[in-house]
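Here are a few exercises to work through with the model open. Try each task yourself before reading its solution.

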Amino acid sequence: MKTLKMAIARYNPEVDDKPRFEDFHVPYDNQTSLLDALAYIKDALAPDLTYRSSCRMAICGSCGMMADGIPKLACKTFLRDYAGAGKVTLEALGNFPIERDLVVDLTHFLECIEALKPYLIGNTRTPADGANRQTPEQIAKFHQFTHCINCALCYAACPQFGLNPAFAGPGSISLAYRYNLDSRDNGKQERMPMLNGPEGVWNCTFVGVCSEVCPKNVDPAAAIQQCKVESALDFARSVINCQKEKEVR
Amino acid sequence: MQIITTDLAIVGAGGAGIRTAIAAAEKNRNIRVALISKVYPMRSHTVAAEGGSAGVIQDHDSFDSHFNDTVSGGDWLCEQDVVEYFVKQCPTEMVQLEQWGCPWSRKPDGTVNVRAFGGMKIERTWFAADKTGFHMLHTLFQTSIKYPQITRFDEFFVLDLLVDNGRVCGLVAINLLEGELVQIRANAVVMATGGAGRVYRYNTNASIVTGEGMGICFRHGVPLRDMEFVQYHPTGLPGSGILITEASRGEGGILVNKDGYRYLQDYGLGPETPLGQPKNKYMELGPRDKVSQAFWHEWRADRSITTPRGDVVNLDLRHLGPQKLAERLPFICELAKAYMGVDPVHEPIPVRPTAHYTMGGIETDSQCETRIKGLFAVGECSSVGMHGANRLGSNSLAELVVFGKLAGDAAVERCAEGHNASDSVLEAQAADVEKRLKTLMKQKGKERWGTIRDEMGLSMEDGCGIYRTAELMRTTCSKLAELKERVKNVGVTDQCAVFNTDVLSLYEITQGLDIAESMAHSALQRKESRGAHQRLDKGCNKRDDEHFLKHSLAFYNQSGPPRIEYSDVKITKLPPAQRVYGAAGDAQPKK
């Protein structure tokens, strides 16, 4: 069986000041994923190797990490793709505080999701009223943005999030935008203040790497750009309203 | 040790746990709910469910029809009053999810669409393309954010329950990131911890589906019911076990052997239906147990295809065309490409049966409460009596929300009663949990938990697979007894307090051995064939209602294998009959 050298960033907060690299040699075939390789290392070589994983089929979003500096899902990235280089380097997901080895602290990401109110607002139907009608065309407006698996690869890729850790970031903004676009929702005005605010969409300089690294083709960059248009319109409206108020006075 | 006081503690934040939490918050606006999970909610295994969720919606469908399909699909081992409640609540819960934002697939007029599913006489499976579990889980998680009553404890691993005088009083968990133990005191606890598919070597389940929630209740004396019934899903990818949804067949996909022959017609599911015209309860739309059993026979007859990752048959979707595949089955196309290098538009997908679902679980009454007052169980970890000897596809996602709602409502009422456990008793129990964890951390020896896990998994495949014999089951029982000794010699390497997955994996696998034993011994003692429990040995290869129209109950036994007892099955309106599909099903006289 072929083997690949894997350099893995290790960090034990009780011992280490900063991450250090440890090399492992892992046998692989055409189907071996980075996650399979980590499981092999944990079973056979280093039981204290620490990483998150769950579904191993690219739907739960647990196993985001940096492979040769690029954010990847370990379960959907394969050792075969590094055969040419003969080596791959794995590090914890960028732009987040490292807790241990390949495990980062995602608290900020979760807090941003929560703050942006990703749920239907202002729709008073109850099950007794029956389902809302929503045509395929209405669904198509937001459907792409429902596919986010919360893996946070886009945060690791985003240079602006690297510079400003308070930025709400691509993932949570896409999710807020998904609800803004949903014909069943009336909550846009509750989400706009944060989207317009200092942690919101205007942090983005449209580098676009968030969409490049997204393993589910959600295209958060598009969500943010469209949100900027909304935000600008929102601003224009508020200026006009302000002037109208002055005229009335 | 820190003590957090709440009203209701829910263990597990998948579909069942979150639905329970929301129900409790809606029932009592002043309640405090602790939602505790060893992973972030969206990592829970509900996320991987693909095909859909059942609920009668079409005019020509009926609750009776859904009831009959479920009870006969379960080979008459379902609690019929529970199924009756379930089928009536399903549509309400599906609409509720819609009103929380779930992007159900729709018809052009904007109404919700449904698809065909195995063992269901009429199309009643609500779906969101082929990522239904994903969309349901994210909808529930996102909706849960709006309830201030719910406090999440993400990445808290529950080690044990606090129980005094037959009344649950809370639990002890470890905060993974801090490495510290915490007591969460509560008036009621709901277990929503999922199944135990990972006790099998090849399975469709996430790595977190290790069964310790069942194990904790088991050790507190709550029986595990009907554990011998483990579902093999007919279509997993070879090697990885990754699930290829039954909706592939619901949309018209066919299964063929190495000769290109649709072999299901030879196993009581025929006659063959025309390509592109799937017929409910015929051929590829048979129930999972029978479709997996048919594979076994083809494999034994040397008509499957041998690959380096095991024998397979072909799931052919090519005739559906690229447009329908993109609309209805995008995820399985993505999976087949990424993990098999196969594009279903142009090639069939190699598949084989793979352990998938734990029909049995923590015994509860029809209100989801266990024999320990205030302790509830819901979802795959539970046995409320929904699935009998074989679950129908799309009944489990619906179960999460129907019984999550019920458990949440019932638990709120139980919370109101409070309990009068003595603080010192609970403190002593918590101290004992801490001591056991410290002892486990210091455990020394040459064994590795990975080896124990793999040997357990292979032994379960051998002894408790699609077909079973007394001899094979006995071998598995002996093997599990051996592993239970050897697991005491697993050395723990990792001594770091933060996110110690070395010691917690050992904890999961130790509990998994208990669960595996409950499955193997329940299976060995059920001397008949029913649903997913099929025996080849003489005298056991037919259903035997006279002796085994019973639930099995496995009770924990500290000094050896579990004690197996039996309880009655509640039959209200559909008496046991022959279970038939295909043309034989249509020929059966109607009641």
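**Backbone oddities, packing and the chain contact**

Pro271(B) sits in the loop between strand E14 (254–256) and helix H7 (288–300) of chain B; helices (H or I, at least four residues) and strands (E, at least two) are DSSP runs, numbered from the N terminus. Before you start: this is a predicted model, where local features need pLDDT of at least 70, side-chain atom pairs count only at pLDDT 80 or more, and totals for chains, interfaces and linings use all residues. Residues are numbered from 1 along each chain as its sequence is written, while chains are lettered from A and ligands numbered from 1 in the order in which they are written.

**Exercise 1.** Work out whether the peptide bond from Gly270(B) to Pro271(B) is cis or trans.

*Solution.* Start with omega, which is near 5°. That makes the bond cis. For background, most peptide bonds are trans, and most residues other than glycine have a negative phi.

**Exercise 2.** Look up phi for Trp76(B) and Lys281(B), then place each residue.

*Solution.* Take Trp76(B): its phi is near 70°, a positive value in a non-glycine residue. Trp76(B) belongs to the loop between helix H2 (63–73) and H3 of chain B. Trp76(B) is buried, as 22 other C-beta atoms lie within 10 Å. (Buried means 20 or more other C-beta atoms within 10 Å of its own, exposed 12 or fewer, partly exposed in between; C-beta atoms are placed from the backbone.) Next, Lys281(B), also not a glycine, has a positive phi of about 65°. Find Lys281(B) in the loop between E14 and H7 of chain B. Lys281(B) counts as buried too, with 22 C-beta neighbours inside 10 Å.

**Exercise 3.** Find which residues Ala173(B) contacts, leaving aside neighbours within four places in sequence.

*Solution.* Use the contact rule: C-beta atoms, placed from the backbone, within 7 Å. The partners include Ile36(B), Phe153(B), Phe156(B), Val182(B) and Ile184(B).

**Exercise 4.** Describe the side of chain B that touches chain A.

*Solution.* First, the counts: 44 residues come from chain B and 42 residues from chain A. Next, the elements giving two or more residues on the chain B side are helix H3 (80–99), helix H4 (132–144), helix H9 (330–340) and helix H14 (501–525). H3(B) gives the most, with 5 residues. Finally, sort by class: 22 nonpolar, 15 polar and 7 charged. (Nonpolar is Ala, Val, Leu, Ile, Met, Phe, Trp, Tyr, Cys and Pro; charged is Asp, Glu, Lys and Arg; the others, Gly among them, are polar.)

Methods:
Contact = placed C-beta atoms within 7 Å.
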